[in-house]
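Colleague: I have this model open and would like a close look at a single part of it. Could you pick one stretch of the chain and walk me through what surrounds it?

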Amino acid sequence: MKLFYGPRGNGKTYSLIKLSAKTNIPIVTLDRLYVKRIAKKLGLSIPDPIFPWDLNGNETPEVYVDDMEYVFLRLTGCKPIGITLTDE
């Protein structure tokens, strides 16, 4: 599992877009237009970004997640203040 951590405007989304273009794995995001615009600006072809509520594990078993804290907040209504990740 890749983890990109840092302040806003630090290139985290750019890094996910580059990985998505390389691996053909889609990005889950709350702002599909932004991700598409950045990919176009970089001249990269990526799978269509996915809204979290449109996920279907049977069709898309692996994804990258942009701004996980906001995706979690949108899905649950709870602001995460700590997380753990398992690298498998």
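Modeller: Happy to! Let me first fix one term: helices here are DSSP runs of H or I with at least four residues, strands are runs of E with at least two, and both are numbered from the N terminus. With that in hand, I would pick helix H2, the helix in which Val-35 is found. Please keep in mind that this is a predicted model.

A little context will help you find your way. The protein has 3 helices and 2 strands, and along the sequence they follow the pattern α-β-α-β-α. Its radius of gyration is 13 Å, close to the 12 Å that the globule rule gives for 88 residues, so the protein is as compact as a globular protein of that length. Along the principal axes, the C-alpha atoms fill a box of roughly 35 × 35 × 25 Å. Buried residues make up 26% of the 88 residues. If you count contacts with a separation of 6 or more, 45% of them join residues 24 or more positions apart.

Now to H2 itself, which spans residues 32-42. Its buried residues are Val-35, Ile-38 and Ala-39. Viewed down the helix axis, these buried residues fall within an arc of 100 degrees, so they line one face of H2. The general geometry is familiar: an α-helix has 3.6 residues a turn, so residues three or four places apart point the same way. On the face turned away from the buried side, H2 carries the exposed residues Leu-33, Arg-37, Lys-40 and Lys-41. Just after the helix comes Gly-43, with a positive phi near 75 degrees.

What lies over the buried face? The cover includes helix H1, residues 12-23, and strand E1, residues 27-28. Val-35 is a good place to see this. At 0% relative accessibility, Val-35 counts as buried, because the cut-off for that word is under 20%. Setting aside residues up to four places away in sequence, Val-35 touches Thr-13, Ile-17, Ile-27, Thr-29, Ile-46, Pro-49 and Asp-66. One of these partners, Ile-46, is 11 residues away in sequence, and its C-alpha atom is 9.4 Å from that of Val-35.

It is worth following the contacts across to the other helix. Thr-13 lies in H1, and at 10% relative accessibility it counts as buried. Beyond its neighbours in sequence up to four places away, Thr-13 touches Tyr-34, Val-35 and Asp-66. Asp-66 therefore appears in the contact lists of both Thr-13 and Val-35, where a contact is heavy atoms within 4.5 Å.

Two further residues show what else H1 meets. Leu-16 lies in H1 and counts as buried at 8% relative accessibility. Its contacts, again without residues up to four places away, are Phe-4, Ile-27, Tyr-64, Val-65 and Asp-66. The C-alpha atoms of Leu-16 and Pro-26, 10 residues apart along the chain, are separated by 9.3 Å. Ser-20, also placed in H1, is buried with a relative accessible area of 1%. Outside its neighbours within four places in sequence, Ser-20 is in contact with Ile-25, Pro-26, Ile-27, Ile-46, Pro-47 and Tyr-64. Ile-27 thus links back to where we began, as it is also on the list for Val-35.

Two loops deserve a glance before you leave the neighbourhood. Most residues other than glycine have a negative phi. Asn-24 has a positive phi, near 65 degrees; it sits in the loop between H1 and E1 and counts as exposed at 56% relative accessibility. Asp-67 also has a positive phi, near 55 degrees. Its place is the loop between strand E2, residues 64-65, and helix H3, residues 68-76. At 22% relative accessibility, Asp-67 counts as partly exposed.

To retrace the tour, turn the model until you look down H2: Val-35, Ile-38 and Ala-39 are on the buried side, while Leu-33, Arg-37, Lys-40 and Lys-41 are on the face turned away from it.

Key: Residues are numbered from 1 along each chain as its sequence is written. This is a predicted model: local features need pLDDT of at least 70, side-chain atom pairs count only at pLDDT 80 or more; totals for chains, interfaces and linings use all residues. Side-chain values use heavy atoms; hydrogens and water are left out. Buried means under 20% relative accessible area, exposed over 50%, partly exposed in between (1.4 Å probe, protein chains only). The arc is that of the directions from the helix axis to the C-beta atoms. The radius of gyration is taken over C-alpha atoms; the globule rule is 2.2 Å times the number of residues to the power 0.38.
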